[in-house]
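Q: Please take a close look at a single part of this structure, the largest cavity, and describe what surrounds it.

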Amino acid sequence: MRNYRNELYTHNLHLKELITKNGVKDIYDAVSQCTRCGYCLENCPTYLVGKKETLSPRGRNQIVRMLIEGKYTDVNTAKYTIDTCLLCGACTDVCYGKVQTEDIVLEARREEQGHNNSLIYKIIIYLKGEKKLFDICLKFLFFLHRIKLSYLADKLGLFYLLGYPSLSKGYKKLIKTPKKFLHTEIKHLTDETDIKWIYFATCGTDYLFTNVGRSSINVLKKIYGNGVFMNNECCGLISYNYGSLDDARKLATKNIELYEKIKAANPDAFIVGDCSSCIAFMKTYPQMFMDDENMYKRAVDFSSNVRDIIEVVKPEHIKNINFDYIKDKKVTIHHSCKAYNNQDLKTNEDDVLKPVLKENLIEMNESNLCCGGAGAYAFSEPEFSAAILSRKMTNISITQADITLVSATSCLMQIGYGSKTSYHTEVMHYIEFIDRIMV
Ligand code: SF4
Ligand code: SF4
């Protein structure tokens, strides 16, 4: 295992090895697969809006490789290059060598001094371990937001004074704040028998877009019959991307244990969730357990039974349609990058909706280009996030769509904000639309 050798990159690498499409590789071997061909450049959202090599997948790979070799000393440029990556996976999707730039960038990010040290991250992780307290705190914050105290805090410059200037732009994206969280509504959904599905409530659905979770459960019941709520922990993606790998492993282990208990009586039931980002991550759990044979096997079993809600709805499931609802409505699909690029779910939504909507399903240019939401990216890199969103909204406006469908909660928040500030379109999770059209 190689170490970074300069003042910014000082620690040992974190993931033992990467599971790549070209086999298991250590980080240096993985990054060395980049031939610098540049084929990925025009697919990278940050390169498209910034037009600089340091904002491209090729630039990121070369800088990480040189950091590992100890040949790169411009720490500011390295940090800029690494921190501005959206981790959208669009580069890997088109790369002939399937170089996993997003995983490589993440490993480099974990080497940055200060990574995993943010006060906000520590508070979130602590509170996530105390579920009741977390619920109370979040309800209180949502209440403050509803009575416009976040607006007041912004006007008084408090976000700048507290050292979180990006919150000044970020809080405006908090358009929906439910009074009741999803897990409190569906906690009874645990004692069904002969179950076919296990609903995994992702944090975005559980705490913000609760209507998405309700629609998922409605549709799953209609198509598959009985199912249960997993009563799960957070999938661990926040820790994986922004904090500690150990925290992510702990959360993954708890989810694997919960699944194994349900599986004992229901061996054929699949785990299903409705945020493509969390689902894509749960499909990669094994990567975190490469040095623990037993946990690795359990993670492989867990991940192989995880499904994105967009992959369990098939064209043959849509039999009786609510034509009144879809009449004259133009619909377009933003293919959330974590479904399209990371899970290779490229045509699922179109295959289901094309026979129903026919010419009213309008194809969007660059439909799989990231919207700039990318989890906390909208808060950590607000300028890039805004520029990328603007490109997405232009592409949506060309379709003249009344409704724009997405499959990740981060996209719901980001494009939902875009629809309030530029081209107006109703932004909806795909499964909500399916719920409305299925009679
Ligand atoms: S990441 Fe892949 S497509 Fe991009 S420059 Fe490297 S080898 Fe070429
Ligand atoms: S993961 Fe996305 S933002 Fe990062 S280099 Fe690849 S295409 Fe660009």
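A: The largest cavity has a volume of about 90 Å³. This value is computed on a predicted model. The structure holds 3 cavities of 30 Å³ or more.

The wall of the largest cavity comes from 15 residues. Nearest its centre lie Cys44, Arg60, Cys85, Cys88 and Cys91. By class, the lining splits into 9 nonpolar, 4 polar and 2 charged residues. Cys is counted as nonpolar and Arg as charged, so among the residues nearest the centre, Cys44, Cys85, Cys88 and Cys91 belong to the nonpolar group and Arg60 to the charged group.

Several helices contribute to this wall. At least two lining residues each come from helix H2 (45-50), helix H3 (57-69), helix H5 (90-94) and helix H6 (101-110). Of the residues nearest the centre, Arg60 falls within the range of H3, and Cys91 within that of H5.

For a view of another part of the chain, turn to strand E9 (residues 403-406). Ile403 and Leu405 on one side of E9 are buried, and so are Thr404 and Val406 on the other, which leaves both faces covered. E9 runs parallel to strand E7 (residues 331-333), and 3 bridges join the two. In this pairing, Thr404 of E9 is the bridge partner of Thr332. E9 is also joined by 4 bridges to strand E10 (residues 426-429), again in parallel. There Val406 stands opposite His429. Between E9 and E10 the chain passes through helix H25 (residues 409-421), in a right-handed β-α-β crossover.

Note on methods: Residues numbered from 1 in each chain as written. Chains lettered and ligands numbered in written order. Predicted model: local features only at pLDDT ≥ 70, side-chain atom pairs only at ≥ 80, totals over all residues. Heavy atoms only, no water. 1 Å grid on protein atoms, 1.4 Å probe; cavity = no way out; pocket = protein on both sides within 12 Å on 5 of 7 lines; lining within 4 Å. Points joined across faces, edges and corners; volume = space filled by probe spheres on them. Buried < 20%, exposed > 50% of the residue type's maximum accessible area, 1.4 Å probe, protein only. Pairing = 2+ DSSP bridges. Right-handed = clockwise from strand over helix to strand, strands pointing away.
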